[in-house]
Amino acid sequence: MAKGSANQAKSVPNKHLHARIAYLHQAATHLALQRPPITHTNSSHVDPHLQQRGLPLLLAAQLQAVSLKAQIRLSHDMKRAICKVCSTPLLPDTTSETSIENKSRAEKKSCADVLVIQCRNCHAEKRFPVGVQRQQKKAKRKAAFAASNPQPGKQTNETEMDNV
Ligand SMILES: [Zn+2]
């Protein structure tokens with residue numbers, strides 16, 4: 001029994017679902033752009049009812065459901081462009097507000113910059129650290145450490161024990 005032909009190995013699995021996700025994203029973004037922008041309301045006065053409902057939210061929710069069901073990872077940009085709470089497509093100055101926040105003392109530390117994207121529909125916030133460099137994965141850190149400190153096997157075992 002052959003374990004998959006060359007054609008199957010090259011083709012992307014669940015290609016039709018990738019196409020569906022892309023279509024849903026484009027449709028949701030397009031429909032959200034056709035609507036009047038959500039008026040800015042004070043976040044302290046939270047309206048229990050969403051200002052906007054309907055097709056864009058439905059399509060974005062369907063997009064998330066498809067990716068969840070098929071276990072397809074959404075790209076960073078696509079994932080960040082949808083509100084987790086109400087599924088509104090987050091478009092700058094139309095359905096969301098973007099600001100940079102820095103809670104360090106006197107805003108001195110540039111590494112404490114946080115990008116805050118607030119959904120105007122439900123006032124939920126997404127926060128992303130922007131000033132700080134992301135730590136490398138553990139396998140890469142170990143490889144870099146081993147490359148910088150070439151030692152006999154016994155000593156590396158001891159250092160690994162110290163790290164644990
Ligand atoms: Zn929202």
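This report describes the nonpolar core, one helix, the strand sheet and two loop residues of a predicted model.

Local features are taken only where pLDDT is at least 70 and side-chain atom pairs only at pLDDT 80 or more, whereas totals for chains, interfaces and linings use all residues. Residues are numbered from 1 along each chain as its sequence is written.

**Core and helix H3**

Helices (H or I, at least four residues) and strands (E, at least two) are DSSP runs, numbered from the N terminus. A residue is called buried if 20 or more other C-beta atoms lie within 10 Å of its own, exposed if 12 or fewer, and partly exposed in between, with C-beta atoms placed from the backbone. A nonpolar core is a set of buried Ala, Val, Leu, Ile, Met, Phe, Trp, Tyr and Cys residues joined through C-beta atoms within 7 Å.

The largest nonpolar core has 14 residues, and Ala 28, Ala 60 and Leu 63 have the most contacts inside it. Helix H2 (15–34) and helix H3 (55–70) are the elements that give two or more residues to this core.

In H3, the buried residues are Pro 56, Leu 57, Leu 59, Ala 60 and Leu 63, and they pack against H2. Contact here requires C-beta atoms, placed from the backbone, within 7 Å. Leaving aside residues up to four places away in sequence, Ala 60 touches Ala 28, Ile 82, Ser 87, Thr 88 and Pro 89.

The expected span of a helix is 1.5 Å times one less than its number of residues. For the 16 residues of H3 this gives 22 Å, which agrees with the 22 Å between its end C-alpha atoms.

**Sheet**

Two strands pair if DSSP finds at least two bridges between them. Three strands form an open, antiparallel sheet in the order S1-S2-S3. Strand S1 (96–102) and strand S3 (125–129) stand at the edges with a single partner strand each, so one side of each lacks a neighbour in the sheet. Strand S2 (residues 113–119) pairs with S3 over five bridges in the antiparallel sense; Val 116 has Arg 127 in S3 as its bridge partner.

**Positive phi in two loops**

Asn 14 and Gln 71 each have a positive phi without being glycine. Gln 71 comes just after H3.

| Residue | Phi | Loop | C-beta neighbours inside 10 Å | Class |
|---|---|---|---|---|
| Asn 14 | near 55 degrees | between helix H1 (6–10) and H2 | 14 | partly exposed |
| Gln 71 | about 55 degrees | between H3 and helix H4 (76–80) | 8 | exposed |

Terms used. Two residues are in contact if their C-beta atoms, placed from the backbone, lie within 7 Å.
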